[in-house]
Amino acid sequence: MKKRTWLAIALAGVLVLTGCGGGNTSGSTSGNTSGGASETTSGSSADHSGDDLQTVTVGVSWHEMQSVNVTVWSEWLHTYAEEIGPEYGLAFDWVELTGDGTTVQEASNIQDLITQHVDVMVIWCNDVNVIGTSIKAAQEEGIKVITIDHQDVDKLADVHVGQDTLDQAIVAAEGLVEVLKEDGVENAQAIELFGSLGDSNSVNRSDGWHQVEEESGAWTTVVTEPTEWATENFKTATVNALAAYPDANVLFVASDFAFSAVQAALEESGRWFPRGEEGHMYICTQDINPQAYQAFVDGYIDVGVPFDNISASKKIIEVIADMMTGKEVEKEYWIQTPLVTADNIETETTVWARDYLD
């Protein structure tokens, strides 16, 4: 793989993907637990009066609840539990704890769920390198553990459900190759907005991007800018990269949760034009969060691949149901989603962003 160039930027504190408020599901009650964690508990997710359903208590550890993708996960977990649970003879009870984005609070929340004797635990890992201690503590108490999004480094969890982020980047980058061919663009120069050096999804996406670059020869990445998932760094990185490489005409965005910052940088740099207009910056993005949706519709973003929280939520419920009814489950489940362009952004079913624009 070719050597990458890194521009120095001032990195701010780490923020996790996307920035929208989370919400409780209908019928939930909220309160604060010790240590500043927010707890949401809800009754059985199915109306099973008169039915002989087994109740399964699911504890969920969210390491934050400010991101819209967490809201989507939580809402669709409940939705699919209501739909699928009765088919397995199950009714779901939920205990959801929200941390403050630190490993200390996450460990405390998981211990709290252990103390509450949940049957299954779902963990959105904060730090994949240290979560193993908490996973083992839960398992020692007979609790099944499912990790989502980020897989613990030692793969200790009983099951992992996550987006195949290597495939996500490859599919998007291959789509960009076709767009550049259609427009007769050769020898393009690309700027890569990287996520976090400690984030496996960031690494996978970067690897996929560079794999297609090397296979196709459609562009050369002239600079890779780390952002540490901090919104302000997406703008600073874009401005700095364009100042250093004014002829760059391709932009790879590791996640578009901060796309408003990217847009501001392109506008400030005089590079905000839709496809078909002179000066257009060809943009390949990941996730398709609400912040990027309108730019897709209007033709400013050329290609991307959704992060499919909804399919992941369904798989999580299916795995829990299989676990509780004695069926075999696989160690890993990887979600793959299709290419999205301006042609199908308004119809592709895996694009949940259009329903969460407010």
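This note goes through the predicted model point by point, from the whole chain down to single residues.

1. Overall make-up. The chain has 9 helices and 13 strands. Of its 358 residues, 55% are buried. Contacts reach far along the sequence. Taking those between residues at least 6 apart, 75% join residues at least 24 apart.

2. Strand 3 and its partners. Strand 3 covers residues 54-62. It is mostly covered, with 7 of its 9 residues buried. Strand 4 (residues 90-98) pairs with strand 3 in the parallel sense, over 9 bridges. One place to check this pairing is glutamine 54, which stands opposite leucine 90 of strand 4. Strand 3 also runs parallel to strand 5, and 4 bridges join the two.

3. The link from strand 3 to strand 4. Helix 1 (residues 68-84) belongs to this unit. Together, strand 3, helix 1 and strand 4 make a β-α-β unit, and the unit is right-handed.

4. Burial of strand 5. Strand 5 spans residues 120-124. All of this strand is buried, 5 residues of 5, so the rest of the structure largely encloses it. In a regular strand, side chains alternate between the two faces of the sheet. Here both faces are covered. Val120, Val122 and Trp124 are buried on one side, and Met121 and Ile123 are buried on the other.

5. Register around strand 5. On the strand 3 side, glycine 59 stands opposite methionine 121. Valine 60 has valine 122 as its bridge partner in strand 5. Strand 6 (residues 144-148) also pairs with strand 5, in the parallel sense and over 5 bridges. Valine 122 appears in this pairing too: its bridge partner in strand 6 is isoleucine 146. Strand 5, helix 3 and strand 6 make a right-handed β-α-β unit.

6. Helix 2 against helix 3. Two packed helices are described by the angle between their axes and the distance between the axes. For helix 2 (residues 103-115) and helix 3 (residues 132-140), the axes come within 10 Å and cross at roughly 5 degrees. The two helices are therefore roughly parallel to each other. Helix 2 contributes Ala107, Ile110 and Ile114 to the contact, and helix 3 contributes Ser134, Ala137 and Ala138. By class, the contact residues are 5 nonpolar and 1 polar, with no charged residue.

7. Valine 161. This residue lies in strand 7 (residues 159-163). Its relative accessible area is 1%, so valine 161 is buried. Beyond its neighbours within four places in sequence, valine 161 contacts Ile146, Thr147, Ile148 and Asp149, as well as Ala312, Lys315, Ile316 and Tyr333. The pair with alanine 312 deserves a look. The two are 151 residues apart in sequence, yet their C-alpha atoms are 6.5 Å apart.

8. The open sheet. A set of 5 strands forms an open sheet in the order 9-8-10-11-12, with parallel pairing. Strand 9 (219-226) and strand 12 (303-306) stand at the edges. Each has a single partner strand, so one side of each has no neighbour in the sheet. From one strand to the next, the twist averages 15 degrees.

9. Strands 8 and 9, and helix 6. Strand 8 (residues 188-194) pairs with strand 9 in the parallel sense over 7 bridges. Within that pairing, glutamate 192 stands opposite threonine 224 of strand 9. Helix 6 (residues 231-244) packs on the sheet and touches strand 8, strand 9 and strand 10 (250-253). The direction of helix 6 makes about 155 degrees with that of strand 8.

10. Backbone points to inspect. Lysine 155 is not a glycine, but has a positive phi of about 55 degrees. It sits in the loop between strand 6 and strand 7. With a relative accessibility of 44%, lysine 155 counts as partly exposed. Isoleucine 288 also has a positive phi, near 55 degrees, in a residue other than glycine. Its loop lies between strand 11 (282-287) and helix 8 (290-297). Isoleucine 288 is buried, at a relative accessible area of 1%.

Key: Residues are numbered from 1 along each chain as its sequence is written. This is a predicted model: local features need pLDDT of at least 70, side-chain atom pairs count only at pLDDT 80 or more; totals for chains, interfaces and linings use all residues. Side-chain values use heavy atoms; hydrogens and water are left out. Axes are lines fitted to C-alpha atoms, for helices over the stretch in contact, and angles run from 0 to 180 degrees between N-to-C directions. Helices (H or I, at least four residues) and strands (E, at least two) are DSSP runs, numbered from the N terminus. Angles under 35 degrees count as roughly parallel, over 145 as roughly antiparallel, 65 to 115 as roughly perpendicular and the rest as oblique. Contact means heavy atoms within 4.5 Å. Ala, Val, Leu, Ile, Met, Phe, Trp, Tyr, Cys and Pro count as nonpolar, Asp, Glu, Lys and Arg as charged, and the others, Gly among them, as polar. Buried means under 20% relative accessible area, exposed over 50%, partly exposed in between (1.4 Å probe, protein chains only). Two strands pair if DSSP finds at least two bridges between them. A crossover is right-handed if, with the strands pointing away from the viewer, the path from the first strand over the helix to the second runs clockwise.
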